[in-house]
Amino acid sequence: MDELIFRDESSSDSPVDLSASRVPSIIVCNTVLIVIASVGVLVRVFVRTQYLSGLGADDFLCIASWIFTLALCILCIMMTNYGYGRHIETVHSVATLEMFLKLDFASMIAYLMALGTVKCSFCILYLQIFPGKAFRIVCWSLVALLMAETLEECLVVVFQCSPIHKAWDAEGVVKGKCLALTAFYYISFGIKLATDLAIFALPIPKLVQLNMTRGKRAGLVIMFGLGVLVCLTSIIRATYISNFSLDHTWTLVNTLNWSSVEVAVAIFIACIPSFKSLISFRFPALQRLLGLSSKGDSTGRSRMYGTSGRRTTHGRSTAHQSIKLDTVTGQSRADIEASLNGSEERIFPMHAGIQITTHVSVNQSD
């Protein structure tokens, strides 16, 4: 952060309209994003805990990202009480400007943590869905890179000033120095964009090989391809990166608003598969109306979204269950899939060779 020193300037000499305010847009933007991210996470947690096998590592990472996103949006709203969204000439108190700088400092950490955790959530989800040693190596490498990137950026933000508390020294009385982070922001943007493209392009080759109808395959590709929106928001955010040493309370608005949009959109996209599962379990008629089911499909869960069947309040399954064991000649792995009320589509592509399928039905009654 470039050093920001408090100057009490007369409004009569200011070339800008000091009555202008962007506070309403800040409050509306962050409130809407809180609702969007919260709805996505609530649906995901509900589906995983009520219908599937419970929360996994990818779910906990998504929840952690939601917590940091909530903190980011709340911090942005709180900052409006300390000059944020107005021209800096309207801030006539050193204490007010210092509080703004402290909240801005915290918002940068919240943004980095929110983005890092949701990206790791995508990678962990891929590891649960797609097979292949090479694919898993790439996923784990991306996780390691994301963790290292997030840690490095957080350390740069925390130690941008020496001593640390000079970062919110509005009077300039603390002896020390601060780094100019504009170049760092652009380098960070380039790394983030590269990892975004890698994360959202990684499953596409696997998806196009799925053994399902073209319509469903296209739907899955589009669903995962929505990650491009995260890349677009990141690019838009980068266009507002500039030197914030002058009128920081005003020029920061676009950057922080798009930071909140970026992480909230990423969280919601990560939760989209749970919406399909919710429709399948709770609204089968809507599922058929939207064309989300096909012959042979049922309300059973897909391996994409969990590893166990429907639960009841007594901890027993009350529906007919079937277990399908698929063995492929020349393969050492047998795929075991469980479904409710019928068969389900394979998430893995068909292998070459002779396939022998054995259906074992287990009827369970009280």
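In this predicted model, Cys-178 has a relative accessibility of 22% and therefore counts as partly exposed, since a residue is called buried only under 20% and exposed only over 50%. Its bonding partner is Cys-161, which counts as buried because its relative accessibility is 3%. The sulfur atoms of Cys-161 and Cys-178 lie 1.9 Å apart and form a disulfide. A disulfide is a covalent bond between the sulfur atoms of two cysteines. The link of Cys-161 and Cys-178 is right-handed, with 115° about the S-S bond. This pair connects distant parts of the chain, as Cys-161 belongs to strand β1 (residues 161-162) and Cys-178 to strand β2 (residues 177-178), 17 residues apart.

How many disulfides does a search of the whole structure find? The search finds one. Cys-73, for instance, is in no disulfide, and the nearest cysteine sulfur, which belongs to Cys-76, is 6.4 Å away. Cys-73 counts as buried because its relative accessibility is 0%. Cys-120 is also without a bond to its closest cysteine sulfur, that of Cys-123, because the distance of 6.3 Å is too far, given that the sulfur atoms of a disulfide must lie within 2.5 Å. Cys-120 is buried, with a relative accessible area of 8%.

**The protein as a whole**

The protein has ten helices and five strands, and 45% of its 366 residues count as buried. It exposes about 17,600 Å², of which carbon and sulfur atoms supply 66%. Among the contacts with a separation of 6 or more, 75% are between residues 24 or more positions apart.

An unreviewed UniProt entry places the feature "transmembrane region" at several spans, including residues 105-127 and 179-199. In the model, residues 105-127 are 100% helix and 0% strand, with the end C-alpha atoms 34 Å apart. Residues 179-199 are 86% helix and 0% strand, and there the end C-alpha atoms lie 31 Å apart.

**Charged pairs**

Side chains of opposite charge can pair when their charged atoms come close. The count of salt bridges comes to eight, and the table gives some of them.

| Salt bridge | Closest N to O distance |
|---|---|
| Arg-44 and Asp-58 | 2.9 Å |
| Lys-119 and Asp-196 | 2.7 Å |
| Lys-192 and Glu-149 | 4.0 Å |

Arg-44 and Asp-58 form a salt bridge; Arg-44 lies in helix α1 (residues 23-50) and Asp-58 in helix α2 (residues 57-79), so the pair ties together parts that are 14 residues apart in sequence. Both Arg-44 and Asp-58 are buried.

The salt bridge of Lys-119 and Asp-196 links distant parts of the chain, with Lys-119 in helix α3 (residues 94-129) and Asp-196 in helix α5 (residues 182-201), 77 residues apart. Lys-119 counts as buried because its relative accessibility is 5%, and Asp-196 counts as buried because its value is 0%.

Lys-192 forms a salt bridge with Glu-149, and since Lys-192 lies in helix α5 and Glu-149 in helix α4, the pair ties together parts that are 43 residues apart in sequence. Both Lys-192 and Glu-149 are buried. Salt bridges that share partners also join Arg-44, Arg-48, Asp-58 and Asp-59 into one network.

**Other residues to locate**

Ser-234 lies in helix α8 and is buried, with a relative accessible area of 3%. Apart from its neighbours within four places in sequence, Ser-234 is in contact with Phe-189, Asp-196 and Glu-262.

Asp-247 is found in the loop between α8 (228-238) and α9 (248-282), and it is buried, with a relative accessible area of 15%. Although Asp-247 and His-87 are 160 residues apart in sequence, their C-alpha atoms are 6.0 Å apart in space. When neighbours within four places in sequence are left aside, Asp-247 is in contact with Arg-86, His-87, Ile-88 and Glu-89.

Most peptide bonds are trans. The bond from Ser-162 to Pro-163, however, is cis, with omega near 0°, and Pro-163 is found in the loop between β1 and β2.

Which residues make the nonpolar surface patch of about 380 Å²? Leu-151, Leu-155, Phe-159 and Ile-164 make this patch. Leu-151 is found in helix α4 (residues 133-158), and it counts as exposed because its relative accessibility is 53%.

Conventions: Residues numbered from 1 in each chain as written. Predicted model: local features only at pLDDT ≥ 70, side-chain atom pairs only at ≥ 80, totals over all residues. Heavy atoms only, no water. Patch = residues over 30% accessible without salt bridge, like charges linked within 9 Å, V, L, I, M, F, W, Y side chains within 5 Å. Areas by Shrake-Rupley, 256 points an atom, 1.4 Å probe, with all protein chains shown as cover. Salt bridge = Lys/Arg side-chain N within 4 Å of Asp/Glu carboxyl O. Helix = DSSP H or I, 4+ residues; strand = E, 2+ residues; numbered from the N terminus. Buried < 20%, exposed > 50% of the residue type's maximum accessible area, 1.4 Å probe, protein only. Contact = heavy atoms within 4.5 Å. UniProt positions renumbered as here; feature names shortened; annotations may be inferred.
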